[in-house]
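Trainee: I have some labels I'd like to check against their definitions. Can we go through them together?

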Amino acid sequence: MLSKLIKYEFKATGRIFLLTYVVVVALAGVNAAMLAVRPPSNSGLEVLYAGVSTVTGLLYGIAAFAAFLLTIVIVVVRFYRMLGDEGYLWFTLPVTPTQQIFGKLIPATVWTIVTTIVTLASVGLVTFRANWPSLLGSTWRSLASQGFNPGVWLVCGLVFILFSLLVNVMLFYAAIAWGPNLIKSSRLGGSVVAYIIIYVALEVINLVGVLVMVLMFANTFKATQTIPSVLTSADVAAINHAGAVFGTYFGIEYLILAVIGFFITRHFIGRKLNLS
Amino acid sequence: MQWEFTNDRAISLQIVEIVQKGILSGVYPPGSSLPSVRVLAVEAGVNPNTMQKALVELEARGLVHTQRNSGRTVTDDERLIMKLKQQAAASYVEQFFADMRNLGFERADAAAILKSQATSPLEEVG
Amino acid sequence: MDAILKTEGLTKQFGAMTALDNVSLTCQAGHIVGLLGPNGSGKTTLLKLVNGLLAPTSGRVLIDGLAPSPSTKARVSYLPDHTYFDNWMKVRDCVGLFADFYADFDRTKATDMLKALGIDTSMTFRTLSKGTREKVQLALVMSRQAQLYLLDEPIGGVDPAARDFILDTIIKNYNENGTVVISTHLIADVEKVLDDVIFLNAGRVMQISSADELRERTGKSVDEVFREAFRC
């Protein structure tokens, strides 16, 4: 059942995402081409070139930004609409509320990851002259030789980003599910208010966490405030330690909040469902 | 078979009357098998439960019989059919007399008009 | 258990407004039941509660003895009074969706019905007229072999030919294990096919009886009884 829900979600959203990606990559290609045909100085075409390349650069920037904005909008709108008229279809199917949530959460996560990859790849396309493989390779080796473990940082960083993505989506879902119960007369108003409350609560929790960690690890954080150009092994250790503490604390916090968001959402679309 | 119903009387009773008429008029010949309840219900545009109720009543009246494995058949009891035909005829006649009384013709006059009309039909006026 | 649908003291309030007030009723298996009442009498609210789209304020609803859940949803076929498919979906995508999620769905029956209605399955929902969209949903709902069919105003706003087709389909689809609940205020068109009638007004059950029994008792059609009952 869940795989079928996911299938239909991808079918419903696939077209618009692919279109967006094509636009972003195409504009990246245009910009790459522009950089490749840069006219030599004193050829008389500099002004024209400057004008056109500014426009193409701007368009690409807007497209890349719009791709991320669109991803968030689609993720939110898809869930919001499921609690509207479409709900008469989805909530009469023989599926559990848990499956309904994952049926939207998994595609949302996948699309966000794909948008990120496509945008990064498009940046890579525009800056094709930078020879990214050797640049990245040498950076990696340099970091490793100084005592940072790039592999661990990368994996933990990605997991951390994933958790923060999950928690943000789940908090949107929780707000949308809670909204109609909060303000019964306006589903949209209720959802917005619910999101504000949830977001503020999240920020307060984060702030408390940061304060606690600053107090507990004052010395470590002081050390990372000014990063000297030559790092001693003590500096490296301190940075690694700070990263571990920060990442572990917030990673777990995000995971817990995502789970709480899941249960809130499931509560309001399960037995307490009230479809308009 | 003309399935026409009024909604102010039990549908099942109306079905009984219509099927009985069909049997008497030969639409459902004696001994013939009736379509299934479902087919009849669709044809009549009524609920199969209602059709079933009607057929049960027809069976109680002896007009249809249920065979073990082959659905329902119309009775081949010619005497029963004749008796019902006579009953129907009698009620048509009484209706005629009632209509004629409304025109001011008593039974004897009505009977006389009937006899002359039967032998030499008049054209309808107007 | 003979009662496929049962409600016990079912009450639903929306803030200060009571949509359903202590509704207790039973629907027998294999019966075609008319849920009759004027607009705003709580018919749609009742159907949504049976589907689990609303949570009761008090009381309960039981489908074959169970509270609404994915298990009961697999056995209930619901036709709401508005369309719910995404505009981008083609008619055959909708058929595919029902086939995917409902084990009791008969794909052949659905495509035959759509063909009989003259509907091109390659058209998207966006391009269909309102009446055609409703016909598509009806064809899908009736092509399931469900234990309980809930039809909310299936003949409202439909031309007479389609109305006859719909009633015909309901009769043809009949099986002894399937109960059909037709919720409507257009009683004259539908009353011939009803076994039982439930009168609902302002969230309360006014009376429940068999249609024929009502006719014999009052000498009137169900429609006339309904109009008189709700005149003032």
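Mentor: Sure, and keep in mind that this is a predicted model. Let's start with Ala202(C), which has 15 other C-beta atoms within 10 Å and is partly exposed.

Trainee: Why is Ala202(C) called partly exposed?

Mentor: Set the count against the cut-offs: buried needs 20 or more such neighbours, and exposed needs 12 or fewer. Ala202(C) has 15, so it is partly exposed. As for where it sits, Ala202(C) is in the loop that links β8 (196-201) and β9 (204-210) of chain C.

Trainee: What makes the phi of Ala202(C) worth a remark?

Mentor: The sign. Its phi is near 50 degrees, a positive value in a residue other than glycine. Asn22(C) gets the remark too, with a phi near 55 degrees. Asn22(C), however, is found in a strand, β2 (residues 17-28) of chain C.

Trainee: And why does Asn22(C) count as partly exposed?

Mentor: Asn22(C) has 15 C-beta neighbours inside 10 Å. That value falls between the limits of 12 and 20, so partly exposed is the label.

Trainee: Let's turn to the sheet in chain C. How do you know which strands are at its edges?

Mentor: The sheet is open and has 6 strands in the order β5-β6-β7-β3-β8-β9 (chain C), with mixed pairing. An edge strand pairs on one side only, and that is the case for β5 (76-79) and β9 of chain C. Neighbouring strands are turned by 15 degrees against each other on average, direction ignored.

Trainee: What makes β6 and β7 of chain C a pair?

Mentor: The cut-off is at least two bridges. Strand β6 (residues 148-152) and strand β7 (residues 179-184) of chain C have 5 bridges, in the parallel sense, so they qualify as a pair. For one example, Asp152(C) has Ser183(C) as its bridge partner in β7(C). Helix α5 (residues 130-142) of chain C packs on this sheet, where it touches β5 and β6 of chain C. The direction of α5(C) makes about 170 degrees with that of β5(C).

Trainee: Which residues touch the most other members of the largest nonpolar core?

Mentor: Tyr173(A), Leu150(C) and Val181(C), out of 129 residues in that core. Helix α6 (residues 150-182) of chain A gives the most to it, 13 residues. Another core lies apart from it, with 9 residues, including Leu27(A) and Val126(A).

Trainee: How do you know that Leu150(C) touches Val181(C)?

Mentor: The test for contact is C-beta atoms within 7 Å. Val181(C) is listed among the residues that Leu150(C) touches, along with Leu47(C), Val50(C), Asn51(C), Val76(C), Tyr78(C) and Leu79(C), leaving out residues up to four places away in sequence.

Trainee: Now the interfaces. What makes up the side of chain C that touches chain B?

Mentor: It divides into 8 nonpolar, 4 polar and 11 charged residues. In this contact, 23 residues of chain C meet 15 residues of chain B. Helix α6(C) has the largest share of the chain C side, 4 residues.

Trainee: And how does the side of chain A that touches chain C divide?

Mentor: Into 10 nonpolar, 4 polar and 6 charged. That contact takes 20 residues from chain A and 21 from chain C. Both α1 (2-36) and α3 of chain A supply at least two residues to the chain A side.

Trainee: Which helix of chain A has the lowest mean pLDDT among its elements?

Mentor: Helix α8 (residues 218-225) of chain A, at 59, whereas helix α3 (residues 87-90) of chain A has the highest, 94. For chain A as a whole the mean is 87, and 94% of its residues reach 70 or more.

Key:
Residues numbered from 1 in each chain as written. Chains lettered and ligands numbered in written order. Predicted model: local features only at pLDDT ≥ 70, side-chain atom pairs only at ≥ 80, totals over all residues. Contact = placed C-beta atoms within 7 Å. Nonpolar A, V, L, I, M, F, W, Y, C, P; charged D, E, K, R; others polar. pLDDT = per-residue confidence, 0-100. Core = buried A, V, L, I, M, F, W, Y, C linked by C-beta atoms within 7 Å. Axes fitted to C-alpha atoms, helices over the stretch in contact; angles between N-to-C directions.
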